Amino acid sequence: MEEFSELVKAAQPEVRSEAKPETKAENYEIKEPYLSIKHVSKVFRKGISRLTKKGDGITALDDVSLDIGKGEIFGILGPNGAGKSTLIKAVTGLVVPDSGEVKLGGLDCKKDKEAFMAKIGAQIETPVFFNKRTGWWNLNYLARLQGGLPEQRIRDIVDIVGLTDRINTRVGTYSMGMRQRLGIAQAIMHKPELLILDEPINGLDPDGIVQVRELIRKLRDEYGTTVLFSSHILGEMQTLCDRVAFIARGRLVAVKTKKEIEQGLGDTSILAIVCDEPNRAGALVGEKFGFRTKVQGTTLYVEVKGGNIAEINKTLIENGISVMSFNVKTRTLEEMYKELTK
Ligand SMILES: Nc1ncnc2c1ncn2[C@@H]1O[C@H](COP(=O)(O)OP(=O)(O)OP(=O)(O)O)[C@@H](O)[C@H]1O
Ligand SMILES: [Mg+2]
């Protein structure tokens, strides 16, 4: 009830006289399941005694299953220590899960490791470069490590990530945003179908965030790259991602589409109804719809799950209650994030 009270409080200053139209989140269907993560679990054994095999260890991933469609921009959101990096590492082969499977276009992460890896490009944590060398030198060096690339391809990549003007200056002089884009350049050198980025916008200023956001969009829109990335920046997830997975304590707690996030974050809204008989109105709504209600002064607050907003209004009017104002307050992303990941 406390959380409802908080929402009630948040709804109070905004009471307005018009009702917003009722909306329903569209069902999101993946056209072509592409990256498939099934029942992946990982316990880090550091806390477990080798002799006695006792101790808890740290459960970083607990039975996580996700399907990501081809060409999706998919975000992973969760508090520190939630398991985001571990999940990303499980997909890139840097962490071996205790159980479960990861498949990409039918290729198994373990059994078809080489072919699997050829399809992905990744940047995990802060990219490391030779600071005293130029961006161009660093990219050529990394290209040689991967068996070499035609110079024109490297030029094209530099162009894609928008570093053409600075590619011949030393990396030590780059801003964080430029380093991130150089990191992405490194990750897309072999034209991966799936690009995986761990916290690509962490620590960037608003301009840097916009540049990385536009780059991710461009890679998806123009090159068809599927992008899986993690971030803490809620608004950015909402703007950029087609879907967002919320994880907490190693568990997948929800997957929301961009539309669901936009339309009031899931299917819960708080209605603030100012009417002449709020107590009778509350009893009616509670009885007919089973929603939680609370009366404060002349305002009835209703926690609505899954539509029915227009129906509530109709019921009140049919029962002779005069509705003075009817306001729908949908959740903010922050409220939703807190509730899902607490
Ligand atoms: N190599 C490791 N050895 C032991 N424990 C680890 C290891 N890597 C991660 N963990 C633990 O697993 C849990 C999940 O960590 P992970 O790095 O995946 O979280 P995260 O969501 O990426 O967090 P952050 O937002 O801080 O990057 C944490 O409790 C972490 O301490
Ligand atoms: Mg992390």
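The exercises below, each with a worked solution, concern a predicted model.

**Exercise 1.** Describe the open sheet of six strands, giving its order and stating which strands stand at its edges.

*Solution.* Begin with the strand order, which reads β6-β7-β8-β3-β9-β10 and combines with mixed pairing to give an open sheet of six strands. Next, look at the two ends: β6 (120-123) and β10 (251-257) each have a single partner strand, so one side of each is left without a neighbour in the sheet. On average, and with direction ignored, neighbouring strands of this sheet are turned by 15 degrees against each other. Then take one pair from the interior of the order, β3 (residues 73-77) and β9 (residues 243-248), which pair in the parallel sense over four bridges; in β9, Arg 243 is the bridge partner of Phe 74.

**Exercise 2.** Determine which strands of this sheet are touched by helix α2 and which by helix α6.

*Solution.* Helix α2 (residues 84-92) packs on the sheet and touches β3, β6, β7 (194-198), β8 (226-231) and β9, with a direction that makes about 150 degrees with that of β7. Helix α6 (residues 176-187) also packs on the sheet, where it touches β6 and β7, and its direction makes about 155 degrees with that of β6.

**Exercise 3.** Work out the arrangement of the open sheet formed by four strands, and find how α2 lies across its strands.

*Solution.* The order is β2-β1-β4-β5, and the pairing is antiparallel. At the edges stand β2 and β5 (107-108), each with a single partner strand, so one side of each lacks a neighbour in the sheet. Within the order, β1 (residues 33-44) and β4 (residues 99-104) pair in the antiparallel sense over five bridges, and Leu 35 stands opposite Leu 104 in β4. Finally, α2 lies across β1, β2 and β4, running at about 60 degrees to β2.

**Exercise 4.** Analyse the shell around ligand 1 by element and by residue class.

*Solution.* First consider the elements: β2 (58-69) and α2 each supply at least two residues of the shell, and the largest share, three residues, comes from α2. Then consider the classes, which are four nonpolar, six polar and two charged residues. Among the residues around the ligand are Phe 44, Ile 58, Gly 78, Lys 84 and Thr 86.

**Exercise 5.** Is Arg 153 buried, exposed or partly exposed?

*Solution.* Locate the residue in helix α5 (residues 151-160). Arg 153 has 14 other C-beta atoms within 10 Å; because a buried residue needs 20 or more and an exposed one 12 or fewer, Arg 153 is partly exposed. Arg 153 and Met 189, 36 residues apart in sequence, are 7.8 Å apart in space, C-alpha to C-alpha.

Definitions and conventions
Residues are numbered from 1 along each chain as its sequence is written. Chains are lettered from A and ligands numbered from 1 in the order in which they are written. This is a predicted model: local features need pLDDT of at least 70, side-chain atom pairs count only at pLDDT 80 or more; totals for chains, interfaces and linings use all residues. Two strands pair if DSSP finds at least two bridges between them. Axes are lines fitted to C-alpha atoms, for helices over the stretch in contact, and angles run from 0 to 180 degrees between N-to-C directions. Two residues are in contact if their C-beta atoms, placed from the backbone, lie within 7 Å. A residue is near a molecule or strand if its C-beta atom, placed from the backbone, lies within 6 Å of it. Ala, Val, Leu, Ile, Met, Phe, Trp, Tyr, Cys and Pro count as nonpolar, Asp, Glu, Lys and Arg as charged, and the others, Gly among them, as polar.
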